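Take a look at the model below. The walk starts at a ligand and ends at a metal ion.

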Amino acid sequence: MPATVIIGGQWGDEGKGRVVDYAAKNSNIIARYSAGTNAGHTIVNDLGKFSLHLIPAGIFYSDKKCLITHGVVIDPLKLLEEISMLENRNVDIGNLTISNRAHLIMPWHRIVDELEEKRRGVHAIGTTKTGTSPAFIDKVARSGIRVADLMNKAKFREKIHIILKDKNDLITKYFDGEPLNEKLILQEYEEHANGLMKYVGDTMSIVQEADKRGESILLEGAQGSLLDIDTGSYPYVTSAVPASIAAGACIGVGLGPKSITKVIGVFKSYQTRVGEGPMPTELKDSTGDKLRNQGLEDGTAEYGTTTGRPRRCGWFDGVLANYSAKLNGMDSIALTRLDTLSGFEEIKICTAYKINGKLVNSPPATFDELNSSEAIYETFEGWEEDVSEARKFNELPKNAQIFINKIASLTDVPIDMISVGPKREQAIIVKKLFD
Ligand code: GDP
Ligand code: IMO
Ligand code: MG
């Protein structure tokens, strides 16, 4: 039975949380399988607005199992804060399980994230400074600490003692920073261990057994395909392992590729990016400002969920969208934030790049080439109407329909869901996606 991956098709913040929240009602299990506290997924439902960084967006359905799998790096303090926030707002989290194989974000990861960015100077990546990428780097370097270690007091103490010596050398000798105190870290993390203990389990077995029983599994991607370490706009990417593309879901959750039966790509109706790096369709003018601030009234203006940074905004990039659709093997697209485009006289879609005088239809491999790619646009007439109440495709203004059809033809993937507002019910379901 189906395991469905919901994946970001752009540079993150496409509205994955919103789409997962919608889709979760037809799933038995919802699993976050990658990234860390760098992710920020917004859900707006009857209980209000929520920003989740680690807990799956399916948590609002008390009858579903929610998993944070081994592909995620967990900051224990942030997770405990997220749990408290949900409990305080009457969300039942009894169905949450955290993988014992997941790696931990440790205090040195947050410090190194900060110091490394400073050292990069003008070449800074614009990381979230959450320690997420440094935690993944240590995982790959085989010097990470896992949840299972945290649950074993003696083992944890032994590991901290060995690793902290190297980390303090790095912080003090290389970055000229302040050393960390072993005792304080042990005290802090042992408290976290007590708080998290009851949620820890073997998420891999839970998923594999559910898959065998034919249950419906929803795999919640984080970040976006263009932030992926292998296929994204390197080096302006995140260091997550597993990958930030659909293929990473199998690795991050512990299922074989044959278990994945559907890939849903989430795209915004335009382009945003937070952090540094090339963005061929970026608008550094009043149109970009308008895209960013359209949602000021309903709290959906384009400012980062995790860091509050203003998101860079621009027109939909069809070259990158086509690349991303192929990379993920998308079956369907959920197109979000169509309502944000109401009130523009004209709307553009990038259909090709000009690089060194030549037209190309796929993104170049290097940062320099992507940075100097000139976006070639097709211009569409806009629409004035508010579309946030539309629930059927034919209720949308004709110009909006033309715009959506162009995205489907550029990506060669059907647009099966159109989100016209942040709330659960504000969606046009063109074709039933989640059964
Ligand atoms: P994620 O990281 O992909 O889950 O996306 P974020 O939550 O970081 O950012 C998406 C933002 O867009 C949030 O503020 C959502 O509430 C908002 N959003 C999602 N879908 C829609 C939509 O269709 N219309 C509007 N106006 N806002 C939306
Ligand atoms: P969600 O799941 C948007 C970006 C950062 C930075 C780069 C590297 O909410 O879509 P990192 O802290 O990961 O080392 O930063 O990646 N980034 C995101 N941008 N949404 C995200 O997640 C992101 N996760 C990482 O802004 O440019
Ligand atoms: Mg986000």
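**Ligand 1 and the magnesium site**

A polar backbone atom of E14 sits 3.0 Å from an oxygen atom of ligand 1. Keep in mind that this is a predicted model.

Two side chains also make polar contacts with the ligand. T42 places a polar side-chain atom 2.6 Å from an oxygen atom of ligand 1. For D13, an N or O atom of the side chain is 2.9 Å from an oxygen atom of ligand 1. How much of ligand 1 does the protein bury? Taken alone, the ligand exposes 590 Å², and the protein buries 97% of that.

Now step back to the surroundings. Ligand 1 takes up the space of the largest pocket. The elements that give two or more residues to its shell are α1 and β3. The largest share comes from α1, with three residues. In total, 19 residues surround ligand 1. The closest are K16, T42, T305, D339 and S419.

Next, the metal. Which protein atoms serve as donors to the magnesium ion, ligand 3? They are the OD of D13 and the O of G40, at 2.0 to 2.2 Å from the ion. This pair links distant parts of the chain, 27 residues apart. D13 lies in the loop between β1 (3-8) and α1 (16-23). G40 lies in the loop between β2 (29-32) and β3 (41-45).

Are the two donors buried or exposed? G40 is buried, because its relative accessible area is 11%, under the 20% cut-off. D13 has 21% relative accessibility, so D13 counts as partly exposed.

D13 thus appears twice: as a donor to the magnesium ion, and in a polar contact with ligand 1.

Technical notes. Residues are numbered from 1 along each chain as its sequence is written. Chains are lettered from A and ligands numbered from 1 in the order in which they are written. This is a predicted model: local features need pLDDT of at least 70, side-chain atom pairs count only at pLDDT 80 or more; totals for chains, interfaces and linings use all residues. Side-chain values use heavy atoms; hydrogens and water are left out. Donors are N, O and S atoms within 2.8 Å of the metal (3.2 Å for Na, K and Ca); water is not among the atoms, so sites may look incomplete. Helices (H or I, at least four residues) and strands (E, at least two) are DSSP runs, numbered from the N terminus. Buried means under 20% relative accessible area, exposed over 50%, partly exposed in between (1.4 Å probe, protein chains only). A residue is near a molecule or strand if one of its heavy atoms lies within 4 Å of it. A polar contact is a pair of N or O atoms within 3.5 Å; within protein, one must be able to donate a hydrogen and the other to accept it, and residues adjacent in sequence count only if both atoms are side-chain atoms. Accessible areas come from the Shrake-Rupley method with a 1.4 Å probe; for residues, only the protein chains shown count as cover. On a 1 Å grid over the protein atoms alone, a cavity is a set of points where a 1.4 Å probe fits but cannot get out, and a pocket is an open set with protein on both sides within 12 Å along at least five of seven lines; lining residues have an atom within 4 Å of a point. A molecule sits in a cavity or pocket if more than half of its atoms lie within 2 Å of its grid points.
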